[in-house]
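Colleague: I would like to learn how to read helix packing, ligand contacts and an unusual peptide bond in a model. Could you take me through them one feature at a time?

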Amino acid sequence: MEKLIITAAICGAEVLKEHNPAVPYTVAEIVREAKSAYDAGASIIHLHVRYDDGTPTQNKARFKECIDAIKAATPDIIIMPSTGGAVGMTNDERLQPTELDIEMATLDCGTCNFGGDDVFTNTENTIKYFGQRMIERGIKPELEVFDKSMIEMALRLHKKGFINKPLHFDFVMGVNGGIGGDLRDFVFMRGSIPPDATYTVAGIGRYEFPLAMASIIDGGHVRVGFEDNVYLSKGTLAKSNGELVAKVVRMAKELGREIASPAEARQILGMNS
Ligand code: KMH
Ligand code: ZN
């Protein structure tokens with residue numbers, strides 16, 4: 001089986017220090033969390049950034065500051081900025097990190113309710129616009145799918161030339177407004193992508209580790225991090241993103257799955273050509 005790529009979603013746009021005091025806001029805190037995840041075995045950092053007061057931003061200069069600082073601490077890691085940003089941001093606001101020299105970025109493949117009353121809007125034209133930008137800039141998209149319909153959207157836009165192969169999906173499962181995070185949901189999603197596509201799984205909240213286990217067994221990849229879950233186990237807050245990554249590494253070792261380095265992750269995802 002292929003080595004396991006672990007992505008650390010270290011920051012997110014919604015989670016706050018009130019949920020876990022280790023959630024990073026400042027550049028120094030973001031670097032600390034990226035380094036803890038890398039040291040534990042993560043090869044990709046999914047990056048959102050904040051202003052020092054915790055406000056989420058897609059500001060290009062703030063992204064550059066964070067990316068440069070992460071690269072100084074962990075030179076070979078893959079940094080995958082968000083183009084989802086936070087609910088309510090405009091398309092061009094969200095796309096700012098794609099103006100930087102980046103290898104990967106998220107590409108959200110549909111509209112859904114996003115907890116409570118929020119709607120995370122990604123119309124077909126938005127997805128085409130983002131996909132086209134990533135093709136022009138040579139950025140590999142990670143296709144964020146919050147429901148099965150979004151897989152179909154991604155495949156349709158691939159056929160129309162807005163998303164290039166090799167396709168790499170992220171099943172984000174358990175968002176209030178998206179697909180659930182039970183095993184049958186995972187089997188449904190996993191069975192809905194083409195055989196030559198790769199995937200990772202981001203289980204939200206209590207779904208994080210059960211879905212990580214399912215993906216490790218199935219040959220998929222895993223995303224963990226404060227963006228998705230702040231607990232190491234029921235009632236125990238994780239002290240760092242590194243603790244969450246280390247738990248996945250332990251699970252993988254028990255199941256005989258080796259961990260991919262950043263160079264190996266680039267190869268698995270077809271980013272070397
Ligand atoms: N913050 C969410 C509304 C992404 O990074 O591309 C969107 C999100 C997805 O986190
Ligand atoms: Zn994100």
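Modeller: We will go through the ligand site, then one peptide bond, and then three helix pairs, bearing in mind that this is a predicted model.

Colleague: Let us begin with the ligand, then: how many residues surround ligand 1, and which are the closest?

Modeller: One starts by listing the neighbours and then looks at individual atom pairs. Here 13 residues surround ligand 1, and the closest are Glu14, Ser82, Gly85, Thr106 and Asp108.

Colleague: Which atoms of Gly85 and Asp108 face the ligand, backbone or side chain?

Modeller: For Gly85 it is a backbone N or O atom, which lies 2.8 Å from a nitrogen atom of ligand 1. Asp108, by contrast, brings a polar side-chain atom to 2.7 Å from an oxygen atom of the ligand. His48 also takes part through its side chain, where an N or O atom is 3.1 Å from an oxygen atom of ligand 1.

Colleague: Now the peptide bond; what should I expect as a rule?

Modeller: Most peptide bonds are trans. In this model the bond from Lys165 to Pro166 is cis, with omega near -5°, and Pro166 sits in the loop between helix 5 (148-159) and strand 10 (168-173).

Colleague: Helix 5 brings me to packing: at what angle do helix 4 and helix 5 cross?

Modeller: The general approach is to take the angle and the distance between the axes, and then to see which residues touch. The axes of helix 4 (residues 124-137) and helix 5 cross at roughly 55° and come within 11 Å, which means that helix 4 is oblique to helix 5. Their crossing is right-handed. Glu124, Ile127 and Lys128 of helix 4 make the contact with Met153, Arg156 and Leu157 of helix 5, and by class these are three nonpolar, no polar and three charged residues.

Colleague: How do helix 6 and helix 7 pack, and which residues meet there?

Modeller: Helix 6 (residues 183-190) and helix 7 (residues 208-218) have axes 10 Å apart at an angle of about 40°, so the two are oblique to each other. The crossing of helix 6 and helix 7 is right-handed. From helix 6, Leu183, Phe186 and Arg190 meet Leu211, Ala214, Ser215 and Asp218 in helix 7, a set that divides into four nonpolar, one polar and two charged residues.

Colleague: And what does the contact of helix 7 with helix 8 consist of, class by class?

Modeller: Geometry comes before the classes here as well. Helix 7 and helix 8 (residues 241-254) pack at about 40° with axes 10 Å apart, and are therefore oblique to each other, while helix 7 passes helix 8 in a right-handed crossing. Helix 7 contributes Glu208, Phe209, Ala212, Met213 and Ile216, and helix 8 contributes Leu244, Lys247, Val248, Met251 and Ala252. The residues of this contact divide into eight nonpolar, no polar and two charged.

Definitions and conventions. Residues are numbered from 1 along each chain as its sequence is written. Chains are lettered from A and ligands numbered from 1 in the order in which they are written. This is a predicted model: local features need pLDDT of at least 70, side-chain atom pairs count only at pLDDT 80 or more; totals for chains, interfaces and linings use all residues. Side-chain values use heavy atoms; hydrogens and water are left out. Axes are lines fitted to C-alpha atoms, for helices over the stretch in contact, and angles run from 0 to 180 degrees between N-to-C directions. Helices (H or I, at least four residues) and strands (E, at least two) are DSSP runs, numbered from the N terminus. Angles under 35 degrees count as roughly parallel, over 145 as roughly antiparallel, 65 to 115 as roughly perpendicular and the rest as oblique. A crossing is left-handed if the near helix is turned anticlockwise from the far one by less than a right angle, and right-handed if clockwise. Contact means heavy atoms within 4.5 Å. Ala, Val, Leu, Ile, Met, Phe, Trp, Tyr, Cys and Pro count as nonpolar, Asp, Glu, Lys and Arg as charged, and the others, Gly among them, as polar. A residue is near a molecule or strand if one of its heavy atoms lies within 4 Å of it. A polar contact is a pair of N or O atoms within 3.5 Å; within protein, one must be able to donate a hydrogen and the other to accept it, and residues adjacent in sequence count only if both atoms are side-chain atoms.
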